[in-house]
Amino acid sequence: NYYVFVVKMVVYNFKKIRTVPTSQDFIDIVLSRTQRKTPTVVHPGYNIGRIRAFYMRKVKYTQESFSEKLGWILEDFPKLDDIHPFYADLCNVLYDRDHYKLALGQLNIAKNLIATISKD
């Protein structure tokens, strides 16, 4: 009695990984996008509710932009358990598997923290 286990390896296209900007570029990209896409002037005559709504809109848009960009990074980089063992071993040799997984986990935590802060 022989059992055949078929393991489906995901064929991963490493060329589709987008370039990850530096932290400063990342912040500049998101904040300039927020500045362009949201209203920019608060007049002195506005009541406090309108001013609060103005800034909450900016905060929410910034959070959505950060979540979108971090989501792209998390989606683009492969999970090492899903790719061919050769590439997983190569990644382990070049980047250290634990460090790689830890970095992706920290990005996910950052994304969730940004979402939590925007809700407050």
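Begin by selecting helix α4. It has 23 residues, and at 1.5 Å a residue these should span 33 Å; the end C-alpha atoms of α4 are 34 Å apart, which agrees. The model on screen is a predicted one.

**Inside α4**

Keep α4 selected and colour its buried residues. Which residues of α4 are buried? They are Y100, L104 and S118. The cover over the buried residues of α4 includes α2 and α3, the latter made of residues 85-95.

Now pick S118. This residue belongs to α4, which runs over residues 97-119. Is S118 buried or exposed? S118 has a relative accessibility of 6%, so it counts as buried; the cut-off for buried is under 20%. Leaving out residues up to four places away in sequence, S118 touches M56, V59, K60 and Q63.

**From α4 to α2**

Add α2 to the selection. Its axis and that of α4 are 9 Å apart, and the two helices pack at an angle of about 165°. α2 is therefore roughly antiparallel to α4, as angles over 145 degrees are counted that way. The crossing of this pair is left-handed.

Show side chains where the two helices meet. On the α2 side, select M56, V59, K60, Q63, F66, S67, L70, G71, I73 and L74. On the α4 side, select L104, L107, N108, A110, K111, I114, A115 and S118. Sorted by class, the contact of α2 with α4 has 11 nonpolar, five polar and two charged residues. Two of the buried residues of α4, L104 and S118, can be found again in this selection.

An α-helix has 3.6 residues a turn, so residues three or four places apart point the same way. Look along the α4 side of the contact with that spacing in mind: L104, L107, K111, I114 and S118 are among the residues there.

**From α2 to α1**

Hide α4 and bring in α1. α1 and α2 pack with their axes 9 Å apart, at an angle of about 140°. That angle makes α1 oblique to α2. The crossing of α1 and α2 is right-handed, whereas that of α2 and α4 is left-handed.

For the α1 side of this contact, select F26, I29, V30, L31, R33, T34, Q35 and K37. For the α2 side, select K58, Y61, T62, S65, F66, E68, K69, L70 and I73. The residues of the contact of α1 with α2 divide into eight nonpolar, four polar and five charged. F66, L70 and I73 of α2 appear in the contact with α1 and also in the contact with α4.

Two residues here deserve a separate click. One is S65, placed in helix α2. With a relative accessible area of 2%, S65 is buried. Apart from residues up to four places away in sequence, S65 touches V30 and R33, and both of these are on the α1 side of the contact.

The other is L31, which lies in helix α1. L31 has a relative accessibility of 44% and so counts as partly exposed. Draw a distance from the C-alpha atom of L31 to that of T62: they are 31 residues apart along the chain and separated by 6.9 Å.

**The loop between α1 and α2**

Next, select V42. Where is V42 found? It sits in the loop between α1, residues 23-37, and α2, residues 48-76. At 28% relative accessibility, V42 counts as partly exposed. When its neighbours within four places in sequence are left aside, V42 is in contact with I51, F54 and Y55. A second distance to draw is from V42 to K58: 12 Å in space, C-alpha to C-alpha, for residues 16 apart in sequence.

**α3 and its turn into α4**

Finish by showing α3 together with α4. Their axes come within 7 Å and cross at roughly 90°. α3 and α4 are therefore roughly perpendicular to each other. A88, D89, C91, N92 and Y95 of α3 make the contact with R97, H99 and Y100 of α4. By class, these residues divide into four nonpolar, two polar and two charged. Y100, one of the buried residues of α4, is part of this contact.

The last selection is D96, found in the loop between α3 and α4. Check its backbone: D96 has a positive phi of about 70° although it is not a glycine. With a relative accessibility of 37%, D96 counts as partly exposed.

Methods: Residues are numbered from 1 along each chain as its sequence is written. This is a predicted model: local features need pLDDT of at least 70, side-chain atom pairs count only at pLDDT 80 or more; totals for chains, interfaces and linings use all residues. Side-chain values use heavy atoms; hydrogens and water are left out. Helices (H or I, at least four residues) and strands (E, at least two) are DSSP runs, numbered from the N terminus. Buried means under 20% relative accessible area, exposed over 50%, partly exposed in between (1.4 Å probe, protein chains only). Contact means heavy atoms within 4.5 Å. Axes are lines fitted to C-alpha atoms, for helices over the stretch in contact, and angles run from 0 to 180 degrees between N-to-C directions. Angles under 35 degrees count as roughly parallel, over 145 as roughly antiparallel, 65 to 115 as roughly perpendicular and the rest as oblique. A crossing is left-handed if the near helix is turned anticlockwise from the far one by less than a right angle, and right-handed if clockwise. Ala, Val, Leu, Ile, Met, Phe, Trp, Tyr, Cys and Pro count as nonpolar, Asp, Glu, Lys and Arg as charged, and the others, Gly among them, as polar. The expected span of a helix is 1.5 Å times one less than its number of residues.
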